[in-house]
Amino acid sequence: MSPSTPIQPSQPPTTRMHFCNGSPDVSTTPLSRAGLRDLSHAPASLRGSDASSAARVAPSTGVDRPRLERAVREILLAIGEDPDRDGLHETPARAAKAWIDLSAGSRDDAARHLGKQFAHRTTGGHELVAVRGVEFYSLCEHHLLPFFGRAHVAYLPANDRVCGLSKVARTVDVFARRLQMQERLTAQIADAIVEHLAPVGVAVVLEGAHMCMRMRGAAKSDSDMLTTAFRGVFDTQPAQRAEVLSLLLGRGRD
Ligand SMILES: [Zn+2]
């Protein structure tokens, strides 16, 4: 089929929404197919120009826990605390453990999760898979302070390649649990799905609250940061992008 050939829907689009205990919630929605382009044989073209190799961040080597504990003790000393006083003498060990947990994604690999796929036979045409409201917790690499919020992820499978919905959430975790920027986190999630599922399109939207903005002096703000990454048809087709954005950010579901 020529990429420019409009595909007419054979039946009216229907929407099936499933809500499971609040979040994340999942929808399977046939998009209107007019103007869809089949990119399944050209996955490389799905990649955007930003962070084209973002999904290929090599997992870091192990953690030096004693060094981490010493560093926490140094921080306590540097801010004028007594690391040996009651309440603080176990803090270096506790904080080191917390840092190891919060950076665990840098020692994980999205392939471990997205590599587990199964065939899903659609009734014809493309069916959108969307997961909304995936909680994420990350660390701003500029201030080493948390940012956290919700991730909304949608992809249009090609060749019936889909992954379990929990694997999308695990992939969000892999890239969130490390020193990050929200913009890069958003791109890495999209690029990992492109790399492992070779879909027709991917859309990722993140809503994040940054403690480096909220907790510090005059910069205090209750505003959220919203970032998006679009690949494939959601990058090249404005109508498809508008439709998936409206689905991912649609309110009134609570
Ligand atoms: Zn920051």
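Colleague: In which sense do strand 5 and strand 8 pair, and over how many bridges?

Modeller: Two strands count as paired if DSSP finds at least two bridges between them. Here strand 5 and strand 8 pair in the antiparallel sense over 10 bridges. Phe-147 stands opposite His-210 in strand 8. Keep in mind that this is a predicted model, where local features need pLDDT of at least 70, side-chain atom pairs count only at pLDDT 80 or more, and totals for chains, interfaces and linings use all residues. Residues are numbered from 1 along each chain as its sequence is written.

Colleague: Thanks! How are the elements themselves numbered?

Modeller: Helices (H or I, at least four residues) and strands (E, at least two) are DSSP runs, numbered from the N terminus. This chain has eight helices and nine strands.

Colleague: Which residues of strand 4 have partners in strand 5?

Modeller: Among them, Ser-138 stands opposite Phe-147, and Glu-135 has Arg-150 as its bridge partner. Nine bridges join strand 4 (residues 127-140) to strand 5 (residues 146-156), and the two run antiparallel. They form a hairpin with five residues between them, and Leu-144 in the turn has a positive phi of about 60°.

Colleague: Does strand 4 run parallel or antiparallel to strand 7?

Modeller: Parallel: two bridges join strand 4 to strand 7 (residues 179-180). Cys-140 is paired there with Gln-180.

Colleague: Now burial. How many residues of strand 5 are buried?

Modeller: A residue is buried if 20 or more other C-beta atoms lie within 10 Å of its own, exposed if 12 or fewer, and partly exposed in between, with C-beta atoms placed from the backbone. Strand 5 is mostly covered, as eight of its 11 residues are buried. For the chain, buried residues make up 33% of the 254 residues.

Colleague: How should I read the two sides of a helix, say helix 8, and which of its residues are buried?

Modeller: An α-helix has 3.6 residues a turn, so residues three or four places apart point the same way. In helix 8, Gln-240, Val-244 and Leu-248 are buried. They cover an arc of only 60° around the axis (taken from the directions from the helix axis to the C-beta atoms), which puts them on the same side of helix 8. On the other side, Pro-238, Ala-242 and Ser-246 are exposed.

Colleague: What do those buried residues of helix 8 pack against?

Modeller: Contact requires that the C-beta atoms of two residues, placed from the backbone, lie within 7 Å. The buried residues of helix 8 pack against strand 4, strand 5, strand 8 (201-210) and helix 7 (233-236). Val-233 belongs to helix 7, and Val-233 is buried because 25 other C-beta atoms lie within 10 Å.

Colleague: And the length of helix 8: what span should its residues have?

Modeller: The expected span is 1.5 Å times one less than the number of residues. The 12 residues of helix 8 (residues 238-249) should span 16 Å, and the end C-alpha atoms are 16 Å apart, which agrees.

Colleague: Finally, which residues have the most contacts inside the largest nonpolar core?

Modeller: A nonpolar core is a set of buried Ala, Val, Leu, Ile, Met, Phe, Trp, Tyr and Cys residues joined through C-beta atoms within 7 Å. The largest one has 41 residues, and Ala-154, Ile-189, Ile-193, Ala-203 and Val-204 have the most contacts inside it. Helix 5 (residues 182-197) gives the most to this core, with eight residues. Not counting residues up to four places away in sequence, Ile-189 touches Ala-151, Val-153, Thr-171, Val-172, Phe-175 and Val-204.
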